[in-house]
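Take a look at the structure below. This short report walks through the fold of one chain, then its domains, then the contacts between chains.

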Amino acid sequence: MKNFFYLSLFTIHYSLFTVFFGCGKIQKQKYEGKKVITLWETYSNEEHQVFLDIVSDFEKLNTEIKVNVQRVPFSGMRMKLMTSMITHTAPDIARVDVADPPRLVISKSIIDITPFGAIELARNLVSAAVNSNIFEEKFFIPGSTSSQKHIFGIPDQTTGVALFYNREMFRRAGIKNPPENWDQFVVIAKKLTVDTNGDGKIDQFGFAMDNSLWWSFPFYNTFGVKFLSDDGKNCLLNSDEAKKCLQFQVDLYHKYKVEAGAWQAGSVSCDQGFINKKYAMIFSGPWNVKKFKDSGIDFGIALIPKGKAGTSTNVGGTDMVVLREAKHPKECYEFLEYLVSVDAQKKWCNLLGQIPVNLKAYSYIDTSKNPEIKVFMEQMKTAIARPPVIDYDQLEYVMNQEIYTARTREKTVEKALEDAVKRINEEILNY
Amino acid sequence: MSQVQGQKTVVFVKSLILYLFMSVGAVFVLFPFFWMIFVAVKPEGQAFSLTVSFAKPLWKNFISIWCDPSYPFWRFFINSVIVATSGGILTTLFCAMGGYVFAKKDFYGKNILFWFLLSTMMIPGMMFLVPQFAIITKLDWINTYRGMVLPHVASVFGIFLMRQYIETVPTSLIESAKIDGASELQIFGKIIIPLSSAVMTTLFLLTFLFHWSNFLWHLVVNTPDSSKLTIPVGLALFRGQYQMDWEKMMAASCFAIIPIVIIFLIAQKFFIEGLTTGAVKE
Amino acid sequence: MLKSKTRETIVSYFFLAPFLAIFASFLLYPIFYSFYLSFRTVSPTTDMFSVFTDMKFVGFSNYLRLLKDFDFWWSLVSTGYYAVLYIPLSIAASLMLAILLNNQLKGHSLFRSAYFLPNVLDMFVVGIIWLFIYAPHYGILDRILTQLGITYFAEKGVLANGKTAMLGVVAALVLKNAGFGMILFLSAIQNISVSIYEAADIDGANEWQKFKSITLPLVVPIILFLIITGTIGALNAFAEIYAMTGGGPQMVVAGKTVGATNVSGYYLFRQFERMNYGDAAAISYFLLAITLVISYINVKLLHRK
């Protein structure tokens, strides 16, 4: 027993020692004579495969460059990038959320790609997507007053939401077409909010909405709400448009009673409710088209209903940025240029059913294969980029808090917006 | 006679109710497991659809997890096993040693050291992430098992747990062993370890679990092309910006919990063994 | 006498050496370093490639800002609420399980495994299940209660109601973690020899009396342990909040909007995520100071007894 004990202790220690100190570091692959670019991306499995394909196309055209693609989980990218910069192990190119560039620009963490001709390139790109990468000199140079525009990244993917509606429910309610404006929307939504099994409880709702700011941009943008003053120093959310817009959101739930309450903490989310035929209309994006189709719902996609400012939507997606310590910035830019080229975009969007970022690629998109994408391409033309604040997450946070209390009617619409303006001015704009 | 029978019926009904109650409770707390399996056998994108449809073939997701060449699940799996096992063994051993002296020895600086250690436990671990990463980088331990394991081996929680338990071991046992001429190491190896094997197993299990699910640290100390990436990082790859690959993720999670279940079942034996040796006490 | 203590000291530090070596190399520096960071601040222009050297020294202003932040004070309140709910409930649940699953029951090891297993699950998976249960309109809980004529949860469910949200989160967590406490209690209870209970039976003691005079005194150290680890759990609470409510639902307290489940761990996480390392460090040390004061008072009170 005693011997066994010491023997096992010894074995454990020995094996731990070999595991820890025996095997050395992994061997870095060598690409003789090539300029190696390290790129961190956060694509899904499916996207990753197509991306690798595009990279190899690029490498065939540029034989002196090797792009070393590495995958990072989306949810860990910001943390990974932050820590890697501190220890100077950051990649050359990184795929970041559209909310990230302002902070990266102002802290001089990513390089200005204007000298490589990026402004020229940007003219062909979807403006709402590329605008998240364009900054005026006064934004990033302290004391400067110049409005000279500089570009710091290239959008690799752009998305926005549109109105998804359940065709079957529309047919049952005798509705032919999706709503074109918010007035029609309310009328239709009322018809779709019904008690299907007659137990006195409503079990099918005309509409379901999310609470977060990003998901509410379609409302704000169609109502013509302006978030910030031109100098970016003041929040303008106490305007009449903003009040009307928020009041409308509140009314959908409380007055018209067509909204399912999906914005409340812990309720059935819009996607889940739509798949399970509980919600007749939701906002959603291209990423859900396949999922919804596979689940066998008969659905259509329409433009966001028109408000005072016409139809519009939000902008999401990601940008590729070149980090400050990149060894071959020019080659990095060449790759980004290729990534948004018509050839690459054609491949990417047709295989994945996504919205192209290059306007020139629009005509090459095979809409017979992905008819849904047509609506999104149309919708993106009127999309409005989110307010360019340094700490977008905090803006989301403040808005989510204040808007929630308006939607629960704990605060009046006026009070909620007033408080939001005050907090945004204090915590975000003049921080 | 009838009274005895009546008593028996009462006992029977009592235990029946108890069984029923415990079974309902067990099904309830195990519900997440059933859901994981339910989702894992669904076709892609159908995780939240309540309509019952299954992937064809049923095991498609389970198989594709292991077969995807761009997703080295077996690597993640092996790495996780190595990291969690070595972390668990080292932590348990070191904490048992530390807990023993805190429980049974009187030495200079004991109280102040113990309270210092205990108070550091109040600082959320998140705060240590970046400085620890800086240390690991300085040591050039990026992409190594030791970089993933060693910083978390010094578990104050473990020392505290071990101390609480070893305190219940009668000092008389140690004294008599000393009189018999046992060395300090022998006392530790032959009295303390066997008597606290139940709690050591618990600590091992908890530490194993901690390492098994330590996403942030494993993400940070490995470069994305590292061959040492673990399951939590692998699972996170299924989580995209707007959508999530629930079916594959749950299929992978089903595999990920197997080692823990096995270890728990083995550990159960230890609990009982440790408890029977408890009969030695008093 | 003194000599033997010296000897004991040498032996003790020999045993502690591996632990302390690792503690010193990987925790001591971060502990002091984060304390140092609590007097510095990151601004948007701080160079991310050398964040720590580029952070500005600001004296106590991180702490002062905290003191002025209503959200922070509220997070302390909700953390206290969390602890007050979580600690007694989890102790009661695990003690009850341990008593029920004590050796007398056949198939006890099967049940033990069943109740312990949720511990190994990811909080996100558990959270999703509970969202299904708690949801308004379609949630299982609401459906059952509506059948019974209780419509309290019909509109908001459990988690969108400021009054019940925290309880909902805590209940989910208690059921997830009870198995761990159960194991700890079991190992203590099973040491009680059956003869003691039999003797009590002969004396005509009922179940409650047996529990109070035999079982309870033996498990006091474990209860103490669970109280302390429960407090630490409350201060670090994050995953369960993130998975289930995201700090919500929002409600109005004293004219300010606050999140009903916005506990200090979640508040800290948000600062950390926004790269406000200075604020995050200040929060940690502020919380540490509070807990030290509380435990000091506790120890003093206990000693007076």
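Long-range contacts come first. In chain A, among contacts between residues at least 6 apart in sequence, 72% join residues at least 24 apart. Two residues are in contact if their C-beta atoms, placed from the backbone, lie within 7 Å.

This is a predicted model, in which local features need pLDDT of at least 70, side-chain atom pairs count only at pLDDT 80 or more, and totals for chains, interfaces and linings use all residues. Residues are numbered from 1 along each chain as its sequence is written, while chains are lettered from A and ligands numbered from 1 in the order in which they are written.

**Chain A**

Chain A has 18 helices and 10 strands. Helices (H or I, at least four residues) and strands (E, at least two) are DSSP runs, numbered from the N terminus. The C-alpha atoms of chain A fill a box of roughly 75 × 70 × 50 Å along the principal axes. Chain A has 431 residues, and 53% of them count as buried. Buried means that 20 or more other C-beta atoms lie within 10 Å of the residue's own, with C-beta atoms placed from the backbone.

**Domains of chain A**

Domain bounds come from an automatic or database domain assignment. Domain 1 covers 35-158 + 317-380, and domain 2 covers 162-314 + 389-429. Their C-alpha centres lie 30 Å apart. At the contact, 13 residues of domain 1 meet 13 residues of domain 2. On the domain 1 side, α4 (101-106) and α16 (372-380) of chain A each give two or more residues. α16(A) gives the most, with six residues.

**Contacts with chain B**

Which chain A elements give two or more residues to the side that touches chain B? In contact are 36 residues of chain A and 39 residues of chain B. The elements are α1 (2-22), α2 (45-61), β2 (65-71), α3 (77-86), α12 (270-275) and α13 (289-294) of chain A. The largest share, six residues, comes from α1(A).

Chain C touches chain B too, with 57 residues from chain C and 57 residues from chain B. Elements of chain C that supply at least two residues include α1 (2-37), α8 (165-189) and α10 (207-236). α1(C) has the largest share, 18 residues.

The table splits three contact sides by class. Ala, Val, Leu, Ile, Met, Phe, Trp, Tyr, Cys and Pro count as nonpolar, Asp, Glu, Lys and Arg as charged, and the others, Gly among them, as polar.

| Side | Nonpolar | Polar | Charged |
|---|---|---|---|
| Chain A side that touches chain B | 15 residues | 15 residues | six residues |
| Chain C side that touches chain B | 40 residues | 13 residues | four residues |
| Domain 1 side of chain A that touches domain 2 of chain A | seven residues | three residues | three residues |

Notes
Buried ≥ 20, exposed ≤ 12 C-beta atoms within 10 Å, placed from the backbone.
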